[in-house]
Amino acid sequence: MRFAAAVVAACCAVGTASGGVARAQDSLSTSLTGAKGDPARGRAIVTNRQLGLCLLCHSGPFPEERFQGNLAPDLAGTGKRWSEGQLRLRIVDSSRINPATIMPAYHRTDGLARVAPAWRGKPVLSAEQIEDVVAFLTTLKD
Ligand code: HEC
């Protein structure tokens, strides 16, 4: 019984703490460039196998693309499920929502291990590219 009580106490303490943090960090509401991105350029980044690599893990409404991933949720409807700010945070650094995620942080340069010198300090996608991807994902309403 004492064990059960301790587990409940630990669980609920964690629940409150992470619940508060999750709410505060669930979204990045300000554009990284101060401007709206371009959805057509964003679509091209998402389907590009060198740049975004999104389709390595995700599938989505891209009928022309063969071999889409099945390690992550389908991107169809993401613009309905998530707000623009929630999408931005998920692309910039998904590990801020799920520390164990396999999704790369596309716009983070700190806290990374074993980065080759040529890539240090350079995010995978630029601020402008992030905004293009976010602008595209917000159009995926169904
Ligand atoms: C290595 C695999 C991987 C890659 C590459 C990847 N993701 Fe993800 N992504 C995931 C996983 C897994 C999740 C589910 C949530 C989690 O585990 O963090 C996710 C979640 C998401 C979500 C939230 C989806 C939802 O409806 O819950 C969005 C939006 C998203 N990814 C967009 C992208 C975009 C855009 C790219 C490319 C720029 C990308 N992802 C690249 C693995 C990946």
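Biologist: Where does Leu 53 sit in the chain?

Modeller: In this predicted model, Leu 53 belongs to the loop that joins helix 2 and helix 3.

Biologist: What is the phi of Leu 53?

Modeller: The general idea comes first: most residues other than glycine have a negative phi. Leu 53 goes the other way, with a positive phi near 60°.

Biologist: Which other residue of that loop has a positive phi?

Modeller: Look at Phe 67, also in the loop between helix 2 and helix 3. Phi of Phe 67 is near 55°, again a positive value in a residue that is not glycine.

Biologist: How do I read burial here: is Phe 67 buried or exposed?

Modeller: Count the C-beta atoms around the residue; 20 or more within 10 Å make it buried, and 12 or fewer make it exposed. Phe 67 counts as exposed because it has 8 C-beta neighbours inside 10 Å. Leu 53 has 16 such neighbours inside 10 Å, so it counts as partly exposed.

Biologist: And how does Phe 62 fit in, buried, exposed or partly exposed?

Modeller: Phe 62 lies in the loop between helix 2 and helix 3 as well. With 16 C-beta neighbours inside 10 Å, Phe 62 is partly exposed. Setting aside neighbours within four places in sequence, Phe 62 is in contact with Thr 47 and Gln 68. Its C-alpha is also 9.3 Å from that of Ala 76, a residue 14 positions away in sequence.

Biologist: How far apart in space are Leu 51 and Gln 129?

Modeller: Their C-alpha atoms are 9.9 Å apart, while 78 residues separate them in sequence. Leu 51 is in the loop between helix 2 (39-47) and helix 3, and it counts as partly exposed because 15 C-beta neighbours lie inside 10 Å. As for Gln 129, it is one of the buried residues of helix 5.

Biologist: What share of the chain's contacts is long in sequence?

Modeller: Take the contacts with a separation of 6 or more: residues 24 or more positions apart account for 56% of them.

Biologist: Let's step back to the whole chain. How many helices and strands does it have?

Modeller: There are five helices and zero strands, so the order from the N terminus on is α-α-α-α-α. Of the 142 residues, 24% count as buried.

Biologist: How many residues of helix 5 are buried?

Modeller: A useful idea for any helix is that residues three or four places apart point the same way, because an α-helix has 3.6 residues a turn. Helix 5 is mostly covered, with nine of its 11 residues buried. Its buried residues pack against helix 2, helix 3 and helix 4.

Biologist: How do I read the angle between helix 2 and helix 5?

Modeller: Angles of 65 to 115 degrees count as roughly perpendicular. The axes of helix 2 and helix 5 cross at roughly 100° and come within 7 Å, and the two helices are therefore roughly perpendicular to each other. On the helix 2 side, the residues that meet helix 5 include Arg 41, Ile 45 and Val 46, and their partners include Asp 132, Val 133 and Phe 136. By class, this contact of helix 2 with helix 5 has six nonpolar, two polar and three charged residues.

Biologist: At what angle does helix 4 cross helix 5?

Modeller: The axes cross at roughly 135° and come within 9 Å, which means helix 4 is oblique to helix 5. The crossing is right-handed. Helix 4 contributes Glu 84, Leu 87, Arg 88, Ile 91 and Val 92 to the contact, and helix 5 contributes Ile 130, Val 133, Val 134 and Leu 137. Seven of these residues are nonpolar, none is polar and two are charged.

Biologist: Which residues of helix 4 are buried?

Modeller: They are Leu 87, Arg 88, Arg 90, Ile 91 and Val 92. These buried residues pack against helix 3 and helix 5.

Biologist: Finally, the ligand. Which residues come nearest to it?

Modeller: Of the 24 residues around it, Cys 54, Cys 57, Ala 72, Thr 101 and Met 103 come nearest. The shell has 16 nonpolar, six polar and two charged residues.

Biologist: Which helix gives the most to that shell?

Modeller: Helix 4 does, with three residues. Helix 3 (78-81), helix 4 (84-92) and helix 5 (127-137) each supply at least two.

Methods. Residues are numbered from 1 along each chain as its sequence is written. This is a predicted model: local features need pLDDT of at least 70, side-chain atom pairs count only at pLDDT 80 or more; totals for chains, interfaces and linings use all residues. A residue is near a molecule or strand if its C-beta atom, placed from the backbone, lies within 6 Å of it. Helices (H or I, at least four residues) and strands (E, at least two) are DSSP runs, numbered from the N terminus. Ala, Val, Leu, Ile, Met, Phe, Trp, Tyr, Cys and Pro count as nonpolar, Asp, Glu, Lys and Arg as charged, and the others, Gly among them, as polar. Two residues are in contact if their C-beta atoms, placed from the backbone, lie within 7 Å. Axes are lines fitted to C-alpha atoms, for helices over the stretch in contact, and angles run from 0 to 180 degrees between N-to-C directions. Angles under 35 degrees count as roughly parallel, over 145 as roughly antiparallel, 65 to 115 as roughly perpendicular and the rest as oblique. A crossing is left-handed if the near helix is turned anticlockwise from the far one by less than a right angle, and right-handed if clockwise.
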